[in-house]
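Biologist: I would like a close look at a single part of this model. Please take one residue to begin with and then go on to its surroundings.

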Amino acid sequence: MAHAFAGGTSAICRCPHDPGRAALVSRPRHRLCVLASSLPTPAIEGQGVELSVTTRRGRVLPVLKDCSLRVPPGQLWMLLGPNGCGKSTLLKVLAGFLNPSSGTVYINRPCSYVFQNPDHQRPIQTLSGGQKQRVAIAGALAEASKMGVIKAVRKSVGAGGEVSALWVTHRLEELRYADGAIYMEDGQTIIQGDVSTISKYIKKKQARYFGHFEL
Ligand SMILES: Nc1ncnc2c1ncn2[C@@H]1O[C@H](COP(=O)(O)OP(=O)(O)OP(=O)(O)O)[C@@H](O)[C@H]1O
C-alpha cells in the first residue's frame, strides 16, 4: 500500500539501499514529498536532504545543508541539537510540509506530525464540543506531565511494531525512552546511533563547550 502526494517535477526511482522500494527524488527547486514502500524497513529515511529559504531581502539562506537519517520501523528515535540547528525544519520536510531543495525522503504512510505549539496543530473551530473537551483534557494532561507524554509515545511505539516515531528534544533525560538518536548541528546530521553513544557524544561536546568558561 503506497500513499504519495507529490506534485511538480519529481523523478520516480529506486531506493539506493533497497532496489525493491520506490521513492520520489527531488530535483533542485522542484516539489518533493512522499513515500511509499512495499517493504517494512526503514520507517523514516532521509538522504542528503537540503533546504534553502529566500529571505525578504532576497538572500538565499541554507537551513538544511546535508541531512541523512534512518529510523527503523517500530522504534522511537530522538532528534537533538542546539537551538536553530534545523531540527523542526527537518521534521517538516520528512512530514511533507516543506519541499527540500535536494535529497531524498522515504516515509511509510500514514504519517502524522505533532507541532511543538498546539495552536499550530488543529483548526479548533472545526471541532465539535466533545472533541474540544477531549483536546482540552489532553492539553491539561500534557502540561501536567511532560514525561507522561513521552511515556505514552513510548508505549504506543512499543505496542506491535506498527508505529514509529521521531521525537525532537533538548532534554537528554528523555533519551532513556529512545531506541536510538540523531544529533544535528548547523543544518547537518552529525551522528546517528544507539542512545549510549549519542548521549556520550553530546555530553563530551557540552563539557568541551563549558570548558571554555571559567565557572
Ligand atoms: N522560512 C524561514 N525563513 C528564514 N529562516 C528560517 C526559515 N525557517 C527556518 N529558518 C531558520 O533556520 C534555522 C533552523 O530553524 P529550526 O526551527 O528548524 O531550528 P530548531 O533546531 O528546530 O530550533 P529550536 O531547537 O530552537 O526549536 C533557524 O535559524 C531559523 O531561523
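Is N108 buried or exposed, and why?

Modeller: This is a predicted model. N108 is buried, because 22 other C-beta atoms lie within 10 Å, and the cut-off for a buried residue is 20 or more. As for its place in the chain, N108 sits in the loop between β6 (102-107) and α2 (129-144). A residue from another part of the sequence is P73: 35 residues separate it from N108 along the chain, and their C-alpha atoms are 8.8 Å apart.

β6, at one end of that loop, also belongs to the list of elements that give two or more residues to the largest nonpolar core. This core has 31 residues, and those with the most contacts inside it are W77, L94, L166 and A181. Besides β6, its contributors of two or more residues include β3 (44-54), β4, α1 and β8 (180-185). β5 provides the largest share, 5 residues. In soluble globular proteins, nonpolar side chains tend to be buried together. A181 shows the contacts in detail: leaving out residues up to four places away in sequence, A181 touches W77, M78, L80, L175, V195 and I198.

Two contributors to the core, β4 and α1, also each supply at least two residues of the shell around the ligand. α1 gives the most to this shell, with 3 residues. Among the residues surrounding the ligand are V53, T55, G81, K87, S88 and T89. By type, the shell divides into 4 nonpolar, 7 polar and 1 charged.

Key
Residues numbered from 1 in each chain as written. Predicted model: local features only at pLDDT ≥ 70, side-chain atom pairs only at ≥ 80, totals over all residues. Helix = DSSP H or I, 4+ residues; strand = E, 2+ residues; numbered from the N terminus. Buried ≥ 20, exposed ≤ 12 C-beta atoms within 10 Å, placed from the backbone. Near = placed C-beta within 6 Å. Nonpolar A, V, L, I, M, F, W, Y, C, P; charged D, E, K, R; others polar. Core = buried A, V, L, I, M, F, W, Y, C linked by C-beta atoms within 7 Å. Contact = placed C-beta atoms within 7 Å.
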